[in-house]
Amino acid sequence: MTNVLSRTIEVGGRPLTMETGRMAKQAGGAVFISYGDTMVLATATMSKEPRAGIDFFPLQVEYEEKMYAVGKIPGGFIKREGRPSEKAVLSSRIIDRPLRPLFPKGFRNDVQVVATVMSVDQDNAPDMTAMIGASAAVTISKIPFNGPIAGITIGLINGEYVINPSVEQEELSDMHLSVAGTADAVMMVEAGANEVSEQVMLEGIMFAHEEIKKIVAFINDFRAEALAMGLAKEKLVYVKEPVDAELEAAVRELAAADYRALMRRCCDERIDKESRESLIAELDERVQQALAERFPEQSGVIAELLYTIEKETMRSLIAKDKVRIDGRKTTEVRPISCEVGVLARTHGSSLFTRGQTQILNALTMGMVSEEQRLDGLGAETEKRYMHQYNFPPYSVGETKPMRGPGRREIGHGALAERALLPVIPSEEEFPYALRLVSEAIESNGSTSMGSVCASTLSLMDAGVPIKAPVSGCAMGLIKEGDDITILTDIQGMEDFLGDMDFKVAGTERGITAIQMDIKIAGIDREILTRALAQAKEGRMFIMGKMMEVIDKPRAEISKFAPRIITMQIHPDKIREVIGSGGKIIKKIVEVTGAQVDIEDDGRIFIASVDGTKGDKVVDIINNIIAVPEVGKIYKGTVVKIMEFGAFVEIIPGVFGAGGKDGMVHISQLSSRRVDKVEDVCSEGDVMYVKCIAVDNATGKVKLSRKEAMQEMGLDV
């Protein structure tokens, strides 16, 4: 245990410590990283041999949440961690995205990065800690890697940027910005914001990158020391197997000119995705058949070469000719159509179509008690606004098994949710749980931003009083040497063959969400500035098309949505409303047909499609919790006769609960002398009485018929 390396750097005013040589020594690289009391074990391991017959890099990034990290026992019958939470899935994605582009092109060895969260201090987020640890683990391993990277989170409080804000600071922040990058460039951006300007967002990214450079240098120094101590490994030198020059020349001779002609035709005639893919497939098949006899058993290599030529041709058309595959200008948005109210019985619905990307969105409003319960390592335990995204295989003309949402679906849903969160009314303003579901029923690029637009339309269609409409646009990049072309509203092919997928969503006032992924070694300030400016033009154009259909929330919510009434009672009265074993509340629901939820702080939410049922519940509860008011006149019923007076029920009980009676002393029955109570009243009689005193200690109520009659001007 003497051969252990531990080094510390200060990040955001708190110590970040990395250690290797003590844990997980058989992993390819292992770093135990701590930030405050947050501790993560990050490992990186590579298979000994490349995987044969695949055309992708088999990288797995696993972010493991252990419930013991926050002192919790997992729920469920087996009491152990099961399927990853949404937060864990999103954290895996946020680590994967900046790491993946930095492995060598053509590298096919399996690489598995595992970040196990073992202790959590809520003021020091484990996801960014895990990202730094994962980067360090890969860096000290023998895995070929063009890193390291680092990541931090930036908040914005009173116009000042804050590094890795605490939970308390997050509450005050106008922005939650996560940035990852190398020493030279930004690789990944993820942000949610309260309508901040493009300039504020840009400066936040650049501010984050300056801190990232320091952490990257720290990781490099850590590797150098670890290598000297025998705790790091020399890097594997990966050399991609060269393609046979004769084969490559033959493929290019047969395909290059035809590819260029085909793509020019697609541009000029604006051929749709399906037809274009069919034409490309025919061209590829012709080349394969022409070369099959001359180069046997080389179909896989030929397919890779054809893909390379396709990519080069498309990128050349954009970079040199400024022509896109569908004939659009670089700043042009595809044709847009918007519809609302497309589903008859949903509370709100919309159909948003942009080119060959189409989103059908549905909104459901429910009781606050129907909010999502979160079981994870974070401080947040519930969520009343939810956005979920589905991507069925028919949307791209394919057949695949229909299973639960994958990482991509969860990520797209979270992005759309984050984009709309700043404009969702508070629970006090609008006491509903909201579930938006975006069905990507046709896809050719940027379904996530389509989901943002469709969600805005559904919210307004449902009458949800959002603070402002939100639209989104996805930007692309083709970088050929010093030539930079930024594309507005990218479609699928431009995403797959391009260098950047930069999604920006926001209102007219500013940005609410950003997600950026880079396939090259990062981008600089100039590209970010241009992309943000061009994105604003694009999303404002899209918003204009949306506003032509519906420009503000409907005045009334859907007739199929529940009407929710809220009322506040003293917490001490909750037991009276609920009753023994829930008897009273069950009876209220049974009699009225309304749904009733009672919170621990005394808030009551009453929901019913028929508003009169909710009003009836309010009357019943008010009767149950009512207390006599001194000086108030009541119309009561005599319930008991005694020698010294009569007991009068002034507040009727409901289902055996509540109710209140008081004593009218014989001297208070009349202004005249009364010898016997029975001379004035009998059980069951109705009389007016005035509350003249309430004993707070005993709850006894004193009533006067005499004063009530005098006040009402009646003879007693």
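# Worked exercises on helix packing, salt bridges and backbone geometry

Helices α5 and α7 make a right-handed crossing, the near helix being turned clockwise from the far one by less than a right angle, where an anticlockwise turn would make the crossing left-handed. The model is predicted, so that local features need pLDDT of at least 70 and side-chain atom pairs count only at pLDDT 80 or more, while totals for chains, interfaces and linings use all residues. Residues are numbered from 1 along each chain as its sequence is written, and side-chain values use heavy atoms, with hydrogens and water left out.

**Exercise 1. Describe the packing of helices α5 and α7, and state how they are oriented to each other.**

Step 1: locate the elements. Helix α5 covers residues 245–269 and helix α7 covers residues 299–321; both are DSSP runs numbered from the N terminus (helices H or I, at least four residues; strands E, at least two).

Step 2: read the geometry. The two helices pack at an angle of about 45 degrees, with their axes 9 Å apart, the axes being lines fitted to C-alpha atoms over the stretch in contact and the angles running from 0 to 180 degrees between N-to-C directions.

Step 3: classify. The helices α5 and α7 are therefore oblique to each other, since angles under 35 degrees count as roughly parallel, over 145 as roughly antiparallel, 65 to 115 as roughly perpendicular and the rest as oblique.

**Exercise 2. Apply the description to the pair α1 and α2 and to the pair α13 and α14, and state the orientation of each.**

Step 1: take α1 (residues 86–99) and α2 (residues 126–140), which pack at about 40 degrees with axes 10 Å apart. This pair is therefore oblique, and α1 passes α2 in a right-handed crossing.

Step 2: take α13 (residues 583–592) and α14 (residues 611–625), whose axes lie 10 Å apart at an angle of about 150 degrees. Helices α13 and α14 are therefore roughly antiparallel, and their crossing is right-handed.

**Exercise 3. Find which parts of the chain the salt bridge of Arg97 and Asp517 ties together, and decide whether each partner is buried or exposed.**

Step 1: establish the contact. The side chains of Arg97 and Asp517 meet at 2.4 Å, N to O, in a salt bridge, a term that requires a side-chain nitrogen of Lys or Arg within 4 Å of a carboxyl oxygen of Asp or Glu.

Step 2: place the partners. Arg97 belongs to helix α1 and Asp517 to strand β21 (residues 511–518), so the bridge ties together parts that are 420 residues apart in sequence.

Step 3: judge the burial. Arg97 is buried at a relative accessible area of 12%, and Asp517 is buried at 18%; the cut-offs are under 20% for buried, over 50% for exposed and in between for partly exposed (1.4 Å probe, protein chains only).

**Exercise 4. State how many salt bridges the whole structure holds, and examine the pairs Glu398–Lys400 and Glu576–Lys573.**

Step 1: a search of the whole structure finds 44 salt bridges.

Step 2: Glu398 and Lys400 meet at 3.5 Å, N to O; Glu398 is partly exposed, with a relative accessible area of 37%, whereas Lys400 is exposed, at 53%.

Step 3: Glu576 pairs with Lys573, the closest N and O atoms being 3.4 Å apart, and Glu576 is partly exposed at 30%.

Step 4: salt bridges that share partners also join Arg324, Asp326, Arg328, Arg334, Arg354, Asp489 and Glu494 into one network.

**Exercise 5. Identify what is notable in the backbone at Ala24, Asn164 and the peptide bond from Gly147 to Pro148.**

Step 1: recall the usual case. Most residues other than glycine have a negative phi, and most peptide bonds are trans.

Step 2: Ala24, in the loop between β2 (14–20) and β3 (29–35), has a positive phi of about 50 degrees, and Ala24 is partly exposed, with a relative accessible area of 35%.

Step 3: Asn164, in the loop between β8 (160–163) and α3 (167–172), likewise has a positive phi, near 45 degrees, but Asn164 is buried at 9% relative accessibility.

Step 4: the bond from Gly147 to Pro148 is cis, with omega near 5 degrees, and Pro148 lies in the loop between α2 and β7 (150–157).
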